[in-house]
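Here are my notes for you, written as a few numbered points. Keep the viewer open while you read, and look up each spot as we get to it.

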Amino acid sequence: MSNHTSTDINTLGLSTFACAWCRLSVSVYAADGAPRNHCPSCLHSRHVLDHIEGGPSDCEGRMSPIAIAVLRTGDWMVIHRCVRCDELTSNPVCADDNQLILVRMAVRPLAQPPFPLEAFGTL
C-alpha cells in the first residue's frame with residue numbers, strides 16, 4: 001500500500017512542460033540538475049507564479065525574455081515580461097540555455113542605444 005496522496009503524485013509526476021512559445025517539451029531540470037522554469041531553446045516562460053504577492057498566479061500569460069541582468073556575483077538572470085499583464089520577473093540562466101539568444105539580449109543595448117553614438121565624438 002502506498003503512502004502517497006494524489007497531491008504528492010501530481011507534484012512528483014510533473015517532469016516536463018510544453019514551451020508557451022515554441023512548444024518544445026522541456027524538462028523542469030536543466031542538464032546540471034538546477035530547476036528551470038523557461039525553455040532552453042527560445043527562453044520563453046509561462047506566468048504561473050505571482051512574484052509580488054507570492055503563490056500561484058491566475059494570469060498564465062506568456063513570459064517573453066526581454067533582457068539580461070548580471071548580479072554582483074556575476075550570475076546572469078533572464079528578465080521576462082508577461083505579454084498579458086506586463087509583470088516583470090527574473091530567473092537564473094541555466095547552463096544549457098541558448099547562448100546565441102542570451103548574447104543577443106546582452107548586447108542589444110549597445111547595438112541599439114537610445115541616443116546617437118555620434119554623441120560620444122563630442123565628449
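1. Before anything else, a word you'll need: pLDDT is the predictor's confidence in each residue, on a scale from 0 to 100. You need it here because this is a predicted model. The average pLDDT for the protein is 84, and 87% of the residues score at least 70. Now look at residues 1-12, where the pLDDT is below 50. Beyond near neighbours in sequence, that stretch has two contacts in the model.

2. Next, the overall layout. How many helices and strands does the protein have? There are two helices and six strands. Walk along the sequence and you'll meet them in the order α-β-β-β-β-β-β-α, with a helix at each end of the pattern and the strands in between.

3. What about inside versus outside? The protein has 123 residues, and 28% of them count as buried. Its exposed surface comes to about 8,600 Å², and carbon and sulfur atoms supply 57% of that area.

4. Here's one about contacts. Take the contacts with a separation of 6 or more: 32% of them are between residues 24 or more positions apart in the sequence.

5. Now find Phe115, in the segment after α2 (99-111). Is Phe115 buried, partly exposed or exposed? Its relative accessibility is 39%, so Phe115 counts as partly exposed; to be called buried, a residue has to be under 20%, and to be called exposed, over 50%. Phe115 also belongs to a nonpolar patch on the surface, along with Leu117 and Phe120. Together the three have about 310 Å² of accessible area.

6. Two loop residues deserve a look at their backbone angles. Start with Glu60, which sits in the loop between β3 (45-46) and β4 (62-70). Its phi is near 55°, a positive value in a residue other than glycine. Glu60 counts as partly exposed because its relative accessibility is 45%.

7. The second loop residue is Asp86, in the loop between β5 (76-82) and β6 (88-92). Which sign does the phi of Asp86 have? It's positive, near 70°, and once again the residue is not a glycine. With a relative accessible area of 51%, Asp86 is exposed, since the cut-off for that word is over 50%.

How values were computed: Residues are numbered from 1 along each chain as its sequence is written. This is a predicted model: local features need pLDDT of at least 70, side-chain atom pairs count only at pLDDT 80 or more; totals for chains, interfaces and linings use all residues. Side-chain values use heavy atoms; hydrogens and water are left out. Helices (H or I, at least four residues) and strands (E, at least two) are DSSP runs, numbered from the N terminus. Buried means under 20% relative accessible area, exposed over 50%, partly exposed in between (1.4 Å probe, protein chains only). Contact means heavy atoms within 4.5 Å. Accessible areas come from the Shrake-Rupley method with a 1.4 Å probe; for residues, only the protein chains shown count as cover. Patches are made of residues with over 30% relative accessible area and no salt bridge: like charges are joined within 9 Å, nonpolar side chains (Val, Leu, Ile, Met, Phe, Trp, Tyr) within 5 Å. A salt bridge is a side-chain nitrogen of Lys or Arg within 4 Å of a carboxyl oxygen of Asp or Glu.
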